[in-house]
Amino acid sequence: MSANVPTREFPPLYAPTGHQRKDRLAFFHLLEKLKTQKRTGWMDNKIPNPESISDHMYRMAVLAMCSSDQGLDISKCVMMCLVHDLAEAHVGDIAPREGITAAEKSRREEEAIHNVVHDMLHDSPAALQIEALWKEYEERQTPEARFVKDLDRFEMAAQALEYEREHDASLQPFFDSSLPKVQHPEVQEWGRDLLDERQGLQSTQAGNTKQATTI
Ligand SMILES: Nc1nc2c(ncn2[C@H]2C[C@H](O)[C@@H](COP(=O)(O)O)O2)c(=O)[nH]1
Ligand SMILES: [Mn+2]
């Protein structure tokens with residue numbers, strides 16, 4: 001080993017055995033489902049080549065880094081963004097219109113997280129951290145969890161505007177079900193800016209339509 005490779009100063013946090021290493025690898029492969037599973041809401045609206053679940057979580061994580069709220073633990077928020085929809089790798093992206101009750105959705109997602117944390121990652125320190133972040137998000141009792149839920153809402157609205165612009169689509173329900181519920185002042189400001197931008201887009205599209213019909 002070359003001289004400049006640091007030697008390990010501390011014992012590893014977690015030293016899995018043979019089958020635990022296989023289970024850990026199975027979890028790594030499970031994560032691929034988040035990269036490939038498309039978000040249900042866009043598929044319902046026939047949006048071509050819609051974003052995946054991980055696309056959605058990635059932008060949320062970067063949005064968290066853009067916050068100027070010094071009262072928040074931003075590193076925790078970034079990690080919470082990246083695991084908040086992790087259960088969907090098992091249960092899929094359940095959208096409101098599917099008529100699945102919140103209790104049933106929670107039950108399925110809790111079962112999925114339990115499987116990941118205990119059966120795949122064998123309660124490793126990383127697994128327990130993932131579980132804690134996921135539960136904190138679901139419980140919505142901390143400023144970080146409420147902030148990340150607001151990012152979930154804003155990110156979806158931003159994506160809806162991008163699809164309206166790109167595909168001349170009309171996705172009003174996605175704005176109605178998200179931005180009005182945002183509580184964090186900074187994300188509310190982002191939301192106002194987004195709606196201003198949308199208004200400009202709609203004026204442009206209306207102008208284009210009027211011009212096209214008068215030619
Ligand atoms: N058709 C609609 N789908 C919606 C609406 N609001 C949310 N959704 C979709 C978006 C996602 O696919 C899914 C839930 O997303 P999470 O990030 O909360 O897991 O539901 C809507 O108004 N109409
Ligand atoms: Mn989400």
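Mentor: A disulfide is a pair of cysteine sulfur atoms within 2.5 Å. The structure discussed here is a predicted model.

Trainee: By this rule, to what number does the count of disulfides come?

Mentor: Take Cys66, for which the nearest cysteine sulfur, that of Cys81, is 11 Å away. For Cys77 the nearest cysteine sulfur also belongs to Cys81, at 6.7 Å. Neither Cys66 nor Cys77 is in a disulfide, and by the stated rule the count is zero.

Trainee: Is Cys77 buried or exposed?

Mentor: A residue counts as buried under 20% relative accessible area. The relative accessible area of Cys77 is 0%, so Cys77 is buried.

Trainee: Which residues are the protein donors of the manganese ion (ligand 2)?

Mentor: The donor atoms lie 2.1 to 2.3 Å from the ion. In sequence, the donor residues follow the spacing H-x27-H-D-x66-D. The protein donors are His56 (NE2), His84 (NE2), Asp85 (OD) and Asp152 (OD).

Trainee: How many residues apart are His84 and Asp152?

Mentor: His84 is in the loop between helix 5 (74-83) and helix 6 (88-91), whereas Asp152 is in helix 9 (residues 143-167). Both His84 and Asp152 are buried. The pair links distant parts of the chain, and its separation is 68 residues.

Trainee: What percentage of the chain is helix over residues 49-166?

Mentor: An unreviewed UniProt entry places the feature "domain: HD/PDEase" at residues 49-166. Over residues 49-166 the end C-alpha atoms are 12 Å apart. Strand accounts for 0% there, and helix for 72%.

Notes
Residues are numbered from 1 along each chain as its sequence is written. Chains are lettered from A and ligands numbered from 1 in the order in which they are written. This is a predicted model: local features need pLDDT of at least 70, side-chain atom pairs count only at pLDDT 80 or more; totals for chains, interfaces and linings use all residues. Side-chain values use heavy atoms; hydrogens and water are left out. Donors are N, O and S atoms within 2.8 Å of the metal (3.2 Å for Na, K and Ca); water is not among the atoms, so sites may look incomplete. Helices (H or I, at least four residues) and strands (E, at least two) are DSSP runs, numbered from the N terminus. Buried means under 20% relative accessible area, exposed over 50%, partly exposed in between (1.4 Å probe, protein chains only). UniProt positions are given in the numbering used here, feature names are shortened, and annotations may be inferred rather than shown by experiment.
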